[in-house]
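This report covers one protein chain, its helix packing and its buried residues. Please look at the sequence and the structure before reading on.

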Amino acid sequence: MDVLETLDNLQNAAEKDSEKKKSQNKKPEYHFDKLKMYFGEDYTINNITISIPTIGEILEVGESKFYQSLSPFLNNPTSIRVFLYDTFHKDWNKTKDIEVFFIMYQLVQDKEPLKLIFKDFSFDDFVLISAKRDVLDKEYDHLALFNEEKNILIYDDDYLEIAEYIRTMMNIHPKTEKAKGKTTKHWMLQEDRMKAQQNEDKKDSSTLLPLVSACINHPGFKYKLEDLKQVNIYQFMDSVQRIQKYEQGVAAIHGIYGGMISAKDIPNDLINFMGDL
């Protein structure tokens, strides 16, 4: 399959969508319930059911393999812009998340860990197409994943909801950076290349180990090491953020009473560790 030719043809079709600029300026609305995520309940999007694995299940398949299998969902055009440019001469500013998924999914060697997330569904044999879709009685071109044999069509906004659910589950939210002008784009690409070289020694480091160690050694964390295996990954990531929020609030209060910080300069949300994360 000529991935570059496919992507270029689809890009030209997608750019004809008259609603494209309007949609880029709107923040997508997602409908999943974070409280249900906390309790580990499954979530279904267009007949695709997503499950939340436990720490123990991730340990069984291997942390590295698990994160690698999720990389198509966790990356966006900004996070792989050097790869897009160096491999396909493709501008990340004109690339959509669903295109990133299409590219990255083909590069995943071991897709078995994805069964922890999609127990009864596979993204194998899907191709990226430009599909018509009716919106408010008007027809627009949209990028979509299509499986002809199963007759399943996943539009770009449906994919984004799936990806955002998984990113929220893993507490990984890749930044989005746009750039105008060749000089700015070149500078951003060079900066990313330098960062990649600096992070080369960290590529085999564990993502979860520092978080697990910090929580287990925190006096307010209620789970023992073996108990932690039964905790789902979203609940654990929530605990990590909650501990951070609690410690920030305590530090702020100490600063106020120590006379180093003025109370009026401290947002109420900072000292309310029970607030939204």
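## Helix packing and core

In α5, the residues Phe 66, Tyr 67, Leu 70, Pro 72, Phe 73 and Leu 74 make contact with Tyr 159, Ile 162, Ala 163, Ile 166, Arg 167 and Met 170 of α8. The model is a predicted one. Helix α5 spans residues 63-74, and its axis lies 9 Å from that of α8, at an angle of about 135°. The arrangement of α5 relative to α8 is therefore oblique. The crossing of α5 past α8 is left-handed.

The protein chain as a whole contains 12 helices and five strands. It has 277 residues, and 40% of them count as buried. About 17300 Å² of the protein chain is exposed, with 50% of that area supplied by carbon and sulfur atoms. Of the contacts between residues at least 6 apart in sequence, 67% join residues at least 24 apart.

The largest nonpolar core is made up of 49 residues. Phe 73, Phe 118, Phe 123, Met 169, Ile 233 and Phe 236 have the most contacts inside this core. Helix α8, residues 156-170, gives the core its largest share, seven residues. A second core, separate from this one, has 11 residues, including Val 82, Leu 84, Phe 88 and Val 100.

Which residues does Phe 123 touch, leaving aside those up to four places away in sequence? They are Phe 73, Phe 101, Tyr 105, Phe 118, Leu 145, Ile 154 and Ile 162. Phe 73 and Ile 162 also appear in the interface between α5 and α8, Phe 73 on the α5 side and Ile 162 on the α8 side.

Two buried residues in named elements are set out below.

| Residue | Element | Relative accessible area |
|---|---|---|
| Asp 158 | helix α8 | 11% |
| His 142 | strand β4 | 15% |

Why is Asp 158 classed as buried? Its relative accessible area is 11%, and the class takes in values under 20%. Asp 158 sits in helix α8, and it touches Ile 45, Asn 46 and Arg 133, not counting residues up to four places away in sequence.

His 142 belongs to strand β4, which covers residues 138-147. With a relative accessibility of 15%, His 142 is also in the buried class. His 142 and Ser 130 are separated by 12 residues in sequence, and their C-alpha atoms are 5.5 Å apart in space.

Terms used. Residues numbered from 1 in each chain as written. Predicted model: local features only at pLDDT ≥ 70, side-chain atom pairs only at ≥ 80, totals over all residues. Heavy atoms only, no water. Helix = DSSP H or I, 4+ residues; strand = E, 2+ residues; numbered from the N terminus. Buried < 20%, exposed > 50% of the residue type's maximum accessible area, 1.4 Å probe, protein only. Contact = heavy atoms within 4.5 Å. Areas by Shrake-Rupley, 256 points an atom, 1.4 Å probe, with all protein chains shown as cover. Core = buried A, V, L, I, M, F, W, Y, C linked by side-chain atoms within 4.5 Å. Axes fitted to C-alpha atoms, helices over the stretch in contact; angles between N-to-C directions. Parallel < 35°, antiparallel > 145°, perpendicular 65-115°, else oblique. Left-handed = near helix turned anticlockwise from the far one by under 90°.
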